[in-house]
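Please look through the sequence and the model together before reading on. The paragraphs below are meant to be followed with both in view.

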2 protein chains.
Amino acid sequence: MLSIGQMSRRTGVKVPTIRFYEQKGLLPEPERTAGNQRRYGPATLNRLAFIRHARDLGLPLEDVAALISLEGAQGAALDRAHDIAHSQQMRLHERIDKLKRLERELGRIASACDGNHDHVCAVLHAFGDHQTCEGEH
Amino acid sequence: MLSIGQMSRRTGVKVPTIRFYEQKGLLPEPERTAGNQRRYGPATLNRLAFIRHARDLGLPLEDVAALISLEGAQGAALDRAHDIAHSQQMRLHERIDKLKRLERELGRIASACDGNHDHVCAVLHAFGDHQTCEGEH
DNA sequence: CTTAATATCTCTAGTCACTAGAGGTTCAAG
DNA sequence: CTTGAACCTCTAGTGACTAGAGATATTAAG
């Protein structure tokens with residue numbers, strides 16, 4: 001039986017966040033000691049690790065909840081799990097692409113200022129001036 | 001003189017967001033018509049485009065505000081603008097790296113399920129099982 | 001000039017995923 | 001048995017908006 005602090009240390013999820021997940025229904029209500037403190041079994045530890053992992057991968061809590069509800073499901077219902085993973089992968093890919101474009105532009109802006117500090121800095125101008133961007137956003 | 005809707009159409013910033021920026025002090029309080037509606041001049045249009053652009057690049061509003069306050073600054077003060085652009089570029093680069101790692105892993109998870117729908121889907125397991133990840137996160 | 005459609009106004013509250021703090025109680029080690 | 005860390009509940013705050021209610025303004029057509 002693990003205390004909430006031990007759960008936190010083992011999964012890297014902060015204590016208030018664990019309580020928050022419980023409140024949101026992502027974790028079951030745990031047993032309590034005589035003094036009202038939470039005590040968790042290994043199943044809940046696993047589930048918390050699952051949530052952590054899925055969150056790290058960028059899934060919103062809603063999707064995590066959907067995935068949890070599929071626990072023990074079979075057959076066609078499992079297509080949902082596959083869909084979630086797949087659509088998240090595509091979302092991620094788009095975001096990466098967009099961020100890469102922005103990175104290039106930021107590099108351009110940052111270096112616009114190097115060397116000539118005497119006059120008006122180009123950074124301020126470059127942020128405002130969309131014309132000079134390479135791509136669109 | 002532009003209405004708030006025209007400002008919105010020209011910059012792509014939604015109407016309520018423009019009011020929100022004004023409330024946060026990022027945009028000056030505009031003139032008003034006799035009927036209390038906002039009317040903007042070209043300077044505010046430029047500033048809104050600046051904010052939009054900087055936000056697109058991932059700068060938090062706090063940094064945008066800092067940049068705005070540098071308008072018309074000279075000399076050493078401009079190093080701040082450069083710093084902001086530069087540190088944002090580095091933040092961005094880290095995020096891209098992390099997202100790329102996650103993308104690889106998601107791909108692995110999503111494809112774990114392809115083909116064999118008969119039994120328990122691997123997606124559910126893979127999300128919970130950190131062991132099988134290639135990298136750390 | 002009137003009417004109708006659209007745009008705008010203020011204000012409050014909701015979103016997501018937490019995080020912080022107050023003020024109090026319980027547990028585990030020495 | 002005492003102390004100090006960990007725990008409890010509850011409320012409110014974060015960032016960057018977004019949504020809705022209910023009222024008023026503006027604009028184009030007839």
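What follows goes from the fold of one chain to the DNA strands, then to a pair of packed helices and a few single residues.

The model is a predicted one, and chain A is a convenient place to begin. Six helices and two strands make up the elements of chain A, and read from the N terminus they follow the order α-α-β-β-α-α-α-α, with the two strands placed after the second helix. Of the 137 residues in chain A, 29% are buried. Among the contacts in chain A whose separation is 6 or more, 46% join residues that stand 24 or more positions apart.

With the chain in mind, one can turn to the DNA. Around DNA strand D there are 20 residues, and the closest of them are Gly5(A) and Arg38(A) from one chain and Gly35(B), Pro60(B) and Leu61(B) from the other. The elements that contribute two or more residues to this surface are helix H1 (4-11) and helix H2 (15-23) of chain A, along with helix H2 (15-23) and helix H4 (61-69) of chain B. The largest share, three residues, is given by H2(B). Sorted by class, the surface near DNA strand D holds seven nonpolar, eight polar and five charged residues.

DNA strand C can be read in the same manner. It is surrounded by 22 residues, of which Gly35(A), Pro60(A), Leu61(A), Gly5(B) and Arg38(B) come nearest. At least two residues each are supplied to the surface near DNA strand C by H2 and H4 of chain A and by helix H1 (4-11) and H2 of chain B. The classes here are seven nonpolar, 10 polar and five charged residues.

Helix H1 of chain B, one of the elements at DNA strand C, also packs within its own chain. How do the axes of H1(B) and helix H3 (residues 42-56) of chain B cross, and at roughly what angle? They come within 10 Å of each other and cross at roughly 45°, which means that H1(B) is oblique to H3(B). The crossing in which H1(B) passes H3(B) is right-handed. On the side of H1(B) the contact is formed by Met7(B), Arg10(B) and Thr11(B), and on the side of H3(B) by Leu45(B), Leu48(B), Ala49(B) and Arg52(B). The residues of this contact comprise four nonpolar, one polar and two charged.

Helix H4 of chain A, which also supplies residues to the surface near DNA strand C, offers two residues to examine. Ser69(A) lies in this helix, residues 61-69, and it counts as exposed because it has 11 C-beta neighbours inside 10 Å. Its C-alpha atom is 9.9 Å from that of Ala81(A), 12 residues away in sequence. Ala65(A) is found in helix H4 of chain A as well, but with 17 C-beta neighbours inside 10 Å it counts as partly exposed. Ala65(A) and Glu94(A) are 29 residues apart in sequence, and their C-alpha atoms are 24 Å apart in space.

The loop between strand S1 (31-32) and strand S2 (38-39) of chain A contains Asn36(A). Phi of Asn36(A) is near 75°, a positive value in a residue other than glycine, and Asn36(A) counts as exposed because it has 6 C-beta neighbours inside 10 Å. In chain B, Asn36(B) sits in the loop between strand S1 (31-32) and strand S2 (38-39); phi of Asn36(B) is near 75°, and with 6 C-beta neighbours inside 10 Å this residue counts as exposed.

Notes: Residues numbered from 1 in each chain as written. Chains lettered and ligands numbered in written order. Predicted model: local features only at pLDDT ≥ 70, side-chain atom pairs only at ≥ 80, totals over all residues. Near = placed C-beta within 6 Å. Helix = DSSP H or I, 4+ residues; strand = E, 2+ residues; numbered from the N terminus. Nonpolar A, V, L, I, M, F, W, Y, C, P; charged D, E, K, R; others polar. Buried ≥ 20, exposed ≤ 12 C-beta atoms within 10 Å, placed from the backbone. Contact = placed C-beta atoms within 7 Å. Axes fitted to C-alpha atoms, helices over the stretch in contact; angles between N-to-C directions. Parallel < 35°, antiparallel > 145°, perpendicular 65-115°, else oblique. Left-handed = near helix turned anticlockwise from the far one by under 90°.
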